[in-house]
Amino acid sequence: RDVVLANYFGANSITDAYLVAQTIPEFLFSLVVQAISIGFIPIYLDIFHNKSKVEADTFADNVTKISVIFACILAIVVNLVPRTIVSLFATGFSDETSALAVIFVKIVVLAMFFRIIVAVYNAFLHANDHFIITSFNGIVLDIVVIASIIVAFYTNNVVLAWGIVIASFAQFLLLVPTVIKNKNRFNLSFKEIFGEDIKKLLLVVLPIAIGIAANQINVLADRNMASSIEGGISALNYAYKVDNILENVIILSLATIMFPQFSKYAVENDYDNLRISIVKSLNVSTITMLPCMCFCTLFASEIIRFLFGRGAFDLNAIENTSIAMMYYSTGVLFVSYTAI
């Protein structure tokens, strides 16, 4: 989808506004989404193992309801002061780019309702050893977003933002049938949603959220400084996404499968196998990511030219993106360790 975006829109004020509109909700929600995704599985498996499937599913329902409440609060805040929030994330935007970003962000924030539920459902399905259906989430997202980029190019730029909302809704619809098959029942009551298990989750989530926040602040600082250069945010985004492919394809695939296994070993107090599994995962990460890191650092310009060097993506965009990618690539190995 980034290749298609670069081909049709290049790296300019439109793509800058579009990417900032995605960054703002993701920054606000990812602290919760990622922390819940990570903290959910060990607690769910602990309840499942020591209590019952019914109580574990009730815990999943409560996490979903709390997440939706949180999404509502943040969506209201974003829509009340969108211009202020955009200015915090992109201080260097011109008035025209800032106005476009405000329009985009008010639409894109709606996608977070579905994103936050999808995050909980993904964790729920992984805890129940269902990995195939969740792996199609990215494909669904890409297909819808690519279609929206092409339509936006020939019609109206606002379609870019609506494409993200529709894509997130499509991801939600994809998971619902499998979730229904694997749940005994759905508890829709809002009574007693803050039980002991939820309090335990909050304690687990806090340190995870701090670590995720540090990474998000890094991304925010990068893009904020780049906002004064037209196409600067887009160049950073394209470079980051190329390096991110390595992590998503190799490391997150490994982590997605291994994390529930780590949790099961922990629940069963089988720490010997837990240590062995973690060491093996880190070894696989080193063997695969170290040569990738060297290759991407040395051949950043050639990679960017091959992936994006066509259509509206001009020589200036190639040069800026290549420089950003070269420096991003030096941290690929260490990022892979944090994912494990």
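Start with the charges: this chain carries 20 positive and 24 negative ones, and their mean positions sit 8 Å apart. Keep in mind as you look around that the model is predicted.

Now zoom out to the fold. The chain has 15 helices and 0 strands. Its radius of gyration is 21 Å, close to the 20 Å that the globule rule gives for 340 residues, so the chain is as compact as a globular protein of that length. Along the principal axes, the C-alpha atoms fill a box of roughly 60 × 45 × 30 Å. How much of the chain is buried? Of the 340 residues, 48% count as buried. The contacts are mostly long-range ones: among those with a separation of 6 or more, 82% link residues 24 or more positions apart. As for the surface, the chain exposes about 16,300 Å², and carbon and sulfur atoms supply 68% of that.

Next, go to helix H13, which runs over residues 300–308. Ala300, Ile303, Ile304 and Phe308 are its buried residues. Seen down the axis of H13, these residues fall within an arc of 95°, so they line one face of the helix. The general background is that an α-helix has 3.6 residues a turn, so residues three or four places apart point the same way. And what covers the buried residues of H13? The cover includes helix H1 (2–9), helix H11 (232–267), helix H12 (271–298) and helix H14 (315–329).

Ser301 also belongs to H13, but this residue is partly exposed, with a relative accessible area of 31%. That value is over the 20% under which a residue would count as buried. Measure from the C-alpha atom of Ser301 to that of Met325 and you get 8.3 Å, for two residues 24 apart along the chain.

Helix H11, one of the elements covering H13, is also where you'll find Lys264. At 23% relative accessibility, Lys264 counts as partly exposed. Leaving out residues up to four places away in sequence, Lys264 touches Leu45 and Asp129. Thr97 makes for quite another pairing: its C-alpha atom is 49 Å from that of Lys264, with their positions 167 residues apart along the chain.

Finally, follow that contact from Lys264 across to Asp129. Asp129 sits in the loop between helix H6 (111–127) and helix H7 (132–135). What is the relative accessible area of Asp129? The figure is 46%, making this residue partly exposed. The backbone here deserves a look too: Asp129 has a positive phi of about 60°, although it is not a glycine. For context, most residues other than glycine have a negative phi.

Methods. Residues are numbered from 1 along each chain as its sequence is written. This is a predicted model: local features need pLDDT of at least 70, side-chain atom pairs count only at pLDDT 80 or more; totals for chains, interfaces and linings use all residues. Side-chain values use heavy atoms; hydrogens and water are left out. Buried means under 20% relative accessible area, exposed over 50%, partly exposed in between (1.4 Å probe, protein chains only). Helices (H or I, at least four residues) and strands (E, at least two) are DSSP runs, numbered from the N terminus. The arc is that of the directions from the helix axis to the C-beta atoms. Contact means heavy atoms within 4.5 Å. The radius of gyration is taken over C-alpha atoms; the globule rule is 2.2 Å times the number of residues to the power 0.38. Accessible areas come from the Shrake-Rupley method with a 1.4 Å probe; for residues, only the protein chains shown count as cover. Lys and Arg count as positive and Asp and Glu as negative; His and the chain ends are not counted. The place of a charge is taken as NZ of Lys, CZ of Arg, CG of Asp or CD of Glu.
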